[in-house]
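Please open the model in your viewer and keep the sequence panel beside it, so that each selection can be followed in both places. The tour below moves from one stop to the next.

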Amino acid sequence: MGQKEKILSLLRDGKSMTQGELAEAMYGDTMHRYHIYTALMGLVKSGAVGRAGSYPARYFLSGAPAPTVLSKSEGKEKKYRDVSKDIICNETIDEVSRLVEETGNYGPENQLVCRCLQRFPENRDPDIVAMKIGLIDITNSTHLSQYKSRISMDELSRIIAAIPDIDARIAQGDPQVVNDIARSNERINLFSFASKYCCYHNFYQYGRDDYSILDTVVKKSLPRYFADITQNQIQKWQNGFAYEKYNDYITRKLDELGITTPNRKRKFDHFIWYKNR
């Protein structure tokens with residue numbers, strides 16, 4: 001599927017997206033927004049896609065209602081819920097994690113991932129790795145299929161299987177494994193997927209809690225809870241494959257909050273996702 005077809009697919013059902021949002025959905029980060037400019041402008045020029053507002057403009061399928069474009073101050077007020085009353089403590093993250101596990105979709109899917117990783121723990125056979133990649137991709141909406149022009153499932157599974165001592169390193173919580181997977185073939189940044197792949201193996205297979213997940217919800221939400229972090233800083237860590245710095249930051253914030261409950265990183269991820277999904 002070419003860039004134009006991907007853009008049209010993402011804008012279906014009345015959706016509107018900025019150029020940055022389209023790039024992140026297609027390639028995993030906003031740094032690729034310039035790479036889709038020609039295709040996006042071609043669709044606008046042909047009349048297939050409309051544009052509303054500016055800096056950033058929002059794009060939508062022609063024939064769909066034009067989106068209401070708010071000013072930056074209005075957008076910030078209406079886009080995000082108020083997190084000022086969210087209390088992050090042992091009791092609240094325990095409770096929210098329990099609620100996530102009891103949902104009718106995410107709870108059973110988490111258990112499915114758990115059973116699969118426990119049944120197929122090693123990451124040496126590319127075919128087994130490919131199966132686990134697919135499962136984690138589908139249950140976590142990492143959209144790996146949108147990167148097929150840059151990396152295939154076969155290539156990614158072989159890259160992961162070839163990482164030296166990968167299983168022993170994940171068992172010990174080695175943060176460098178996330179970077180090794182994220183760099184893949186040097187043509188794409190799989191930072192978010194890699195953090196999930198390592199986290200789930202470390203947690204479900206070895207009963208540890210060494211890895212913090214990074215995804216779009218976390219990236220957008222953390223700065224609203226903590227004044228000492230910005231989306232730009234998180235993006236720099238992601239672009240620079242500096243997973244250890246990101247993971248250490250989460251560890252430090254949980255220490256400062258006095259979070260001591262078992263599996264606190266996993267539960268904190270549940271808390272941020274549940275409150276801001």
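Helices here are DSSP runs of H or I with at least four residues, numbered from the N terminus. The model is a predicted one, and the first stop is Asn-140, which lies in helix H7. Asn-140 counts as buried because its relative accessibility is 18%, and the cut-off for buried is under 20%. If you display its surroundings, leaving aside residues up to four places away in sequence, you will find that Asn-140 touches Lys-196 and Tyr-200.

Next, select Ser-141, which is found in the loop between helix H7 (126-140) and helix H8 (153-161). Ser-141 is partly exposed, with a relative accessible area of 48%, and its phi is near 50°, a positive value in a residue other than glycine. Most residues other than glycine have a negative phi.

Where should you look for Asn-263? Asn-263 sits in the loop between helix H14 (243-256) and helix H15 (264-276). Asn-263 also has a positive phi, of about 55°, although it is not a glycine, and at 28% relative accessibility it counts as partly exposed.

From there, select H15 together with helix H12 (residues 216-225), which pack at an angle of about 90° with their axes 10 Å apart, and are therefore roughly perpendicular to each other. Among the residues that meet are Val-217, Leu-222 and Tyr-225 in H12, and Phe-268, Ile-272 and Trp-273 in H15. Sorted by class, this contact of H12 with H15 has 8 nonpolar, 2 polar and 3 charged residues.

Note on methods: Residues are numbered from 1 along each chain as its sequence is written. This is a predicted model: local features need pLDDT of at least 70, side-chain atom pairs count only at pLDDT 80 or more; totals for chains, interfaces and linings use all residues. Side-chain values use heavy atoms; hydrogens and water are left out. Helices (H or I, at least four residues) and strands (E, at least two) are DSSP runs, numbered from the N terminus. Buried means under 20% relative accessible area, exposed over 50%, partly exposed in between (1.4 Å probe, protein chains only). Contact means heavy atoms within 4.5 Å. Axes are lines fitted to C-alpha atoms, for helices over the stretch in contact, and angles run from 0 to 180 degrees between N-to-C directions. Angles under 35 degrees count as roughly parallel, over 145 as roughly antiparallel, 65 to 115 as roughly perpendicular and the rest as oblique. Ala, Val, Leu, Ile, Met, Phe, Trp, Tyr, Cys and Pro count as nonpolar, Asp, Glu, Lys and Arg as charged, and the others, Gly among them, as polar.
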